[in-house]
Amino acid sequence: GMPLDAFILFSSAVTVLGSAGQANYAAANACMEAVARARSARGAPALFVAWGPWADGMAAADRVRRRTGAFEPMPAQAAFAQLERLMASQAAGAAVLPLRSWSAFFEAHPQEAADPFFREIRPEQTETGTERDVVQALRAVAGGGRRRALLGHLAEQAARVLGIADPQSIDASVPLQERGLDSLMSVELRNALVKSLGVRLPPTVALDYPTLDVLCDRIGTELFADASPAAPVPDDAAFIAGLSETDAEAMLRRELEELDA
């Protein structure tokens with residue numbers, strides 16, 4: 001066919017940052033990048049641009065804005081100015097990420113902080129008191145009250161992600177998906193919990209443990225594993241009678257896990 005002066009593919013920053021719950025979207029954009037690289041390798045014109053959010057279009061939706069708070073959406077005029085610069089540079093591919101700041105980005109995407117791709121541009125990590133204070137406050141609560149305190153913290157974080165004004169309105173026994181939690185919100189909730197509690201959690205934790213009750217049990221196991229000395233062997237009827245239902249359930253769970261190990 002006729003030779004082209006330019007061959008430009010518009011893609012999304014999901015090829016760099018990922019897009020939880022939208023693997024098909026990320027895969028389609030990665031396919032476009034592969035096409036551009038193949039053309040460039042044989043000397044044909046090609047430019048692949050992985051765009052961050054624009055001020056209009058999908059990024060304008062409220063739910064998307066909540067998940068892209070680290071970005072300053074680009075007006076179309078600014079985005080096309082970037083495109084002109086890329087075309088003049090003869091680059092084969094680029095990501096255009098209009099960040100408010102790298103600090104805001106890593107705060108919103110804590111999972112990226114350990115990614116080698118971002119190592120050179122990651123700002124020095126400065127310790128904040130948030131995680132330490134929340135965890136110390138939870139560990140300072142005695143007995144069954146500790147679980148109630150953790151459940152309250154989880155409800156606050158879930159309410160913020162879901163846009164619910166009153167955390168107490170969230171029924172801990174009802175799946176969060178029934179309150180509107182989707183896969184992207186699940187990752188947002190997971191990131192908030194990783195940041196506030198310092199626990200290790202998979203991106204799908206809020207979908208794997210769909211209610212606040214089971215999520216609380218999962219995170220409590222991680223959070224309080226080393227918080228206190230191991231409980232004595234319950235060989236005393238008075239000791240057993242003194243256990244709260246929650247403590248007894250936790251002890252049984254630990255013993256079952258040890259049997260499975």
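Biologist: Why is glutamate 222 called partly exposed?

Modeller: In this predicted model, glutamate 222 has a relative accessible area of 24%, and since buried means under 20% and exposed over 50%, the residue falls in between and is therefore partly exposed.

Biologist: What makes the contact of glutamate 222 and arginine 200 a salt bridge?

Modeller: The side chains of glutamate 222 and arginine 200 meet at 3.0 Å, N to O, and because the criterion asks for a side-chain nitrogen within 4 Å of a carboxyl oxygen, the pair qualifies. This pair links distant parts of the chain, with glutamate 222 in helix α10 and arginine 200 in the loop between α8 and α9, 22 residues apart.

Biologist: Why does arginine 200 count as exposed or buried?

Modeller: Its relative accessibility is 65%, and as exposed means over 50%, arginine 200 counts as exposed.

Biologist: How do you know that Arg147, Asp213 and Asp217 are linked in a network?

Modeller: Arginine 147 forms a salt bridge with aspartate 217, the closest N and O atoms being 3.1 Å apart, and aspartate 213 forms one with arginine 147 at 3.6 Å; both values are within 4 Å, so arginine 147 joins the two aspartates in a network of salt bridges. Arginine 147 lies in helix α7 and aspartate 217 in helix α10, so the pair ties together parts that are 70 residues apart in sequence.

Biologist: Why is the pair of phenylalanine 10 and tryptophan 51 called tilted?

Modeller: The ring centres are 5.4 Å apart, which is within the 6.5 Å required of a pair, and the planes stand at 55°; because stacked needs under 30 degrees and edge-to-face over 60, the pair is tilted. The two residues lie 41 residues apart, phenylalanine 10 in strand β1 and tryptophan 51 in strand β2.

Biologist: What makes tryptophan 51 buried, and phenylalanine 10 partly exposed?

Modeller: Tryptophan 51 has 6% relative accessibility, which is under 20%, so this residue counts as buried, whereas phenylalanine 10, with a relative accessible area of 38%, lies between 20% and 50% and is therefore partly exposed.

Biologist: How do you know that the charged end of arginine 39 sits over the ring of phenylalanine 7?

Modeller: The charged end of arginine 39 is 4.0 Å from the centre of that ring, and the distance limit is 6 Å; the contact has also been assigned as sitting over the ring, a term that further requires a position within 35 degrees of the ring normal.

Terms used: Residues are numbered from 1 along each chain as its sequence is written. This is a predicted model: local features need pLDDT of at least 70, side-chain atom pairs count only at pLDDT 80 or more; totals for chains, interfaces and linings use all residues. Side-chain values use heavy atoms; hydrogens and water are left out. Rings of Phe, Tyr and Trp (its six-membered ring) pair if their centres lie within 6.5 Å; planes under 30 degrees apart count as stacked, over 60 as edge-to-face and the rest as tilted. Helices (H or I, at least four residues) and strands (E, at least two) are DSSP runs, numbered from the N terminus. Buried means under 20% relative accessible area, exposed over 50%, partly exposed in between (1.4 Å probe, protein chains only).
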